[in-house]
Amino acid sequence: MPVKKLKAFLDENNVKYIVIRHSSAFTAQEIAAKSHTSGKEFAKTVIVNVDGKMAMTVLPASYQVDFELLKDIFGTPHVSLANEAEFQRFFPDCEIGAMPPFGNLYDMEVFVAETLAEDEEIAFNAGTHTEMIKMSYADFERLVEPRVFKFSWKTVSMPGDSSERWAVE
């Protein structure tokens with residue numbers, strides 16, 4: 001069971017967390033809704049291909065990856081969404097699409113969207129489509145040591161929302 005590896009890692013590092021079981025769900029927004037978790041606090045894991053190397057991006061469920069910003073951050077025109085065939089082997093103990101944001105456990109660099117880093121708590125898939133973990137962002141950051149950047153935008157926003165992708169002039 002995938003959650004065992006993650007729970008063991010969290011326990012070894014004296015992290016307080018809760019495991020929440022929910023009915024099967026496959027999108028981050030759906031999981032957030034079923035678990036009554038804010039779309040800003042539910043962290044989704046998106047694997048990207050940067051010049052042929054896999055990297056893990058972690059962002060709020062209600063946000064989308066901005067590949068143009070990632071290209072600028074990495075200084076390369078070769079950044080794309082990785083397909084399952086490209087990253088499946090990195091996560092042998094996880095259901096596809098339910099990878100936890102702990103790239104350090106899978107030998108993968110982790111990049112976190114700055115909007116997620118503002119949260120006190122985060123929730124995320126625990127390796128299955130029926131379990132999630134909720135813990136403090138500070139503990140997550142301490143264990144994973146991600147690089148934090150602005151590389152995402154909110155899918156739906158209101159006028160004047162500072163998370164809005166499009167600037168109003």
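How exposed is Lys71, and what is its relative accessible area? In this predicted model, Lys71 is partly exposed, with a relative accessible area of 23%, and its side chain meets that of Glu68 in a salt bridge with an N to O distance of 3.4 Å. Glu68 is likewise partly exposed, at a relative accessible area of 49%. The two residues stand three apart in helix 3 (residues 67-74), so that about one helical turn separates Glu68 from Lys71. An α-helix has 3.6 residues a turn, and therefore residues three or four places apart point the same way.

A search of the whole structure finds five salt bridges, among them the three listed here.

| Salt bridge | N to O distance |
|---|---|
| Glu68 and Lys71 | 3.4 Å |
| Glu109 and Arg147 | 3.2 Å |
| Glu121 and Lys134 | 4.0 Å |

Glu109 and Arg147 link distant parts of the chain, 38 residues apart, with Glu109 in the loop between helix 4 (84-87) and strand 6 (110-113), and Arg147 in strand 9 (residues 147-149). Glu109 is partly exposed at 34% relative accessibility, and Arg147 is partly exposed with a relative accessible area of 40%.

Glu121 belongs to strand 7 (residues 121-125) and Lys134 to strand 8 (residues 131-136), so their salt bridge ties together parts that are 13 residues apart in sequence. Both count as partly exposed, Glu121 at 37% relative accessibility and Lys134 at 22%.

In helix 6 (residues 137-144), the residues Tyr137, Asp139, Phe140, Leu143 and Val144 are buried. Viewed down the axis of helix 6, these buried residues fall within an arc of 160°, and they therefore line one face of the helix. Just after helix 6, Glu145 adopts a positive phi of about 50°.

Key. Residues numbered from 1 in each chain as written. Predicted model: local features only at pLDDT ≥ 70, side-chain atom pairs only at ≥ 80, totals over all residues. Heavy atoms only, no water. Buried < 20%, exposed > 50% of the residue type's maximum accessible area, 1.4 Å probe, protein only. Helix = DSSP H or I, 4+ residues; strand = E, 2+ residues; numbered from the N terminus. Arc of directions from axis to C-beta.
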